[in-house]
Amino acid sequence: MELPLVVGVDGSEPSLRAVDWATDDAALRGAPLRLVYASLWERYEGAALAEGLGRSSEQVMADNIVENAAGRAHRRAPEVKVTTHVLPDDAASVLLNEAHIAAALVVGSRGRGGLAELLLGSVSLTVAGRAACPVIVLRGDQDNQAGATTHRRVVLGVGGEPHGTVATRFAFEEAEVRGATLDAVRTWRCPAYESADDPLLEGEPARLHEQRAAEIMESALSKAADEHPAVDLHRRTAEGSARRILVDASEGADLLVVGVRRHHGLAGLQLGRVAHRLLHHSACPVAVVPQRG
C-alpha cells in the first residue's frame, strides 16, 4: 500500500499552505494525503463528560479545521485521496508518531501559536529534528509562494556519506516526479594551516580539496543517477560554508534536500548545524531526510 504524505494542520495560514504544497506533491507522486490535527480536549474534559455535554467547542473546532483543510485539498486536486484524523495528543507527539507510517511529513514554518518574529516554530523544529521519515518544512515568508513545481528545480546538499544515501535517492525521486533539474552541491574548504608558504606550491592544497569534493560527489550520486537517467543532473562544487552556499542555492528552487544522521538512543534534536541553518534561512521548502547510523 502506498504510504501517505502526512500534513499537520491547525487552521493557521502556514499549515493551509502546507496542505496546498502537499496536495500538489501527492498528485505528482500518486500518493494519498493524510491530514492530522492534534487535540487534547478529551484528555482534559474526559470522554464520558464530553458525551454528557455534547460536542465541546474544541472538538467542533478540530473537526472544522480538518474538514476545511480536506475541502481545500479536494478543490486543488480532486484525484488525490484525502483522509482526516483528529488525534488526542500534543502536535509534536502526533507528528512524530505519524512519521512511522508516512512517506513524508509536511509542516508549515509555524502554527497558530507562533509569533511572526520567530524564525521557525518549535513544533516544526522538533519534528524535523526527530522524525523517522523525511520532513518537509515550508519556510517562513516564502511559503505563501511555494509550489511543488513553480521553478522545476530541486537542490541537493551532498554530504560526506558513501554512495546510495537516503537523501540522495529522495532528491532524485522528487526531481523526477516534478520533471525538474537537480542541482547537486558539494562544498569544500581549505584549512588555513594547509596554505603553503612556498609560492611554488601556492594553490595546491585548495586544488586537492576541490578534487576530493568532486570525488565524494561522484560517489554519492552515481548509483542514483544510473537509476534515474531522465533526471537532468547538474553537479557543482563550491568553496565556502555549506550553510551559506546552500541558503544561496535555495533561491529559485522548489525544494532543498539535506540529509541528517539519526543515532539510536540519543535524545533531543538530531539536525546538525547545516540543516538547522537551512530550516531558519532557506528561501524555499526544506526536506530534512534522516538516515540511521
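At 43% relative accessibility, R152 counts as partly exposed, because this value lies between the 20% limit for buried residues and the 50% limit for exposed ones. In this predicted model, R152 sits in the loop that joins strand 5 to strand 6. The backbone of R152 is worth a look as well: its phi is positive, at about 55 degrees, although the residue is not a glycine.

With one residue in view, the whole chain can be introduced. The protein chain contains 10 helices and 10 strands. Of its 293 residues, 47% are buried. The accessible surface amounts to about 14,200 Å², and carbon and sulfur atoms contribute 50% of that area. Contacts between distant parts of the sequence are well represented: among contacts with a separation of 6 or more, 80% join residues 24 or more positions apart.

L3 offers a friendly first example of such a link. This residue belongs to the segment before strand 1, which covers residues 5-8. L3 and A103 are 100 residues apart in sequence, yet their C-alpha atoms are 5.1 Å apart in space. Once neighbours within four places in sequence are set aside, L3 is in contact with A31, P32, I101, A102 and A103. Even with these partners, L3 is classed as partly exposed, because its relative accessibility of 42% falls between the 20% and 50% limits.

Helix 1 comes next along the chain. It runs over residues 13-29, a total of 17 residues, and spans 24 Å from its first C-alpha to its last, close to the 24 Å expected at 1.5 Å a residue. This helix is mostly covered, with 12 of its 17 residues buried. The buried positions are P14, S15, L16, R17, A18, V19, D20, W21, A22, T23, D25 and A26. A general point about helices helps when viewing them: an α-helix has 3.6 residues a turn, so residues three or four places apart point the same way. Just after helix 1, G30 adopts a positive phi of about 70 degrees.

S15 is a good residue to pick out within helix 1. Its relative accessible area is 4%, and it is therefore buried, since the limit is 20%. Apart from neighbours within four places in sequence, S15 is in contact with V7, G8, V9 and D10. A69 lies 54 residues from S15 in sequence, and the two C-alpha atoms are 9.0 Å apart.

Helix 6, made of residues 122-130, has its own buried set: S124, L125, V127, A128 and G129. The buried residues of this helix pack against several elements, namely helix 5 (91-98), strand 4 (104-107), strand 5 (135-137), strand 9, helix 10 and strand 10.

Attention now turns to the largest pocket, which has a volume of about 620 Å³. Of the 31 residues lining this pocket, V158, G159, A242, V258 and V274 are the closest to its centre. At least two lining residues come from each of strand 6 (153-157), helix 7 (166-178), strand 7 (181-188), helix 9 (242-249), strand 9 (255-262), helix 10 (273-281) and strand 10 (286-292). Sorted by class, the lining includes 15 nonpolar, 10 polar and 6 charged residues.

V158 also provides a bridge to R236, which is found in strand 8 (residues 232-239). R236 and V158 are separated by 78 residues in sequence, while their C-alpha atoms are 9.8 Å apart in space. When residues up to four places away in sequence are not counted, R236 touches A184, V185, R186, M217, I245 and A249. The relative accessible area of R236 is 39%, so this residue is partly exposed under the same 20% and 50% limits.

A230 gives a contrasting case, located in the loop between helix 8 (204-227) and strand 8. Its relative accessible area is 69%, and A230 is exposed because that figure is over 50%. The C-alpha atoms of A230 and A180 are separated by 9.8 Å, with their positions 50 residues apart along the chain.

Key. Residues are numbered from 1 along each chain as its sequence is written. This is a predicted model: local features need pLDDT of at least 70, side-chain atom pairs count only at pLDDT 80 or more; totals for chains, interfaces and linings use all residues. Side-chain values use heavy atoms; hydrogens and water are left out. On a 1 Å grid over the protein atoms alone, a cavity is a set of points where a 1.4 Å probe fits but cannot get out, and a pocket is an open set with protein on both sides within 12 Å along at least five of seven lines; lining residues have an atom within 4 Å of a point. Grid points are joined across faces, edges and corners, and a volume is the space filled by probe spheres set on the points. Helices (H or I, at least four residues) and strands (E, at least two) are DSSP runs, numbered from the N terminus. Ala, Val, Leu, Ile, Met, Phe, Trp, Tyr, Cys and Pro count as nonpolar, Asp, Glu, Lys and Arg as charged, and the others, Gly among them, as polar. The expected span of a helix is 1.5 Å times one less than its number of residues. Buried means under 20% relative accessible area, exposed over 50%, partly exposed in between (1.4 Å probe, protein chains only). Contact means heavy atoms within 4.5 Å. Accessible areas come from the Shrake-Rupley method with a 1.4 Å probe; for residues, only the protein chains shown count as cover.
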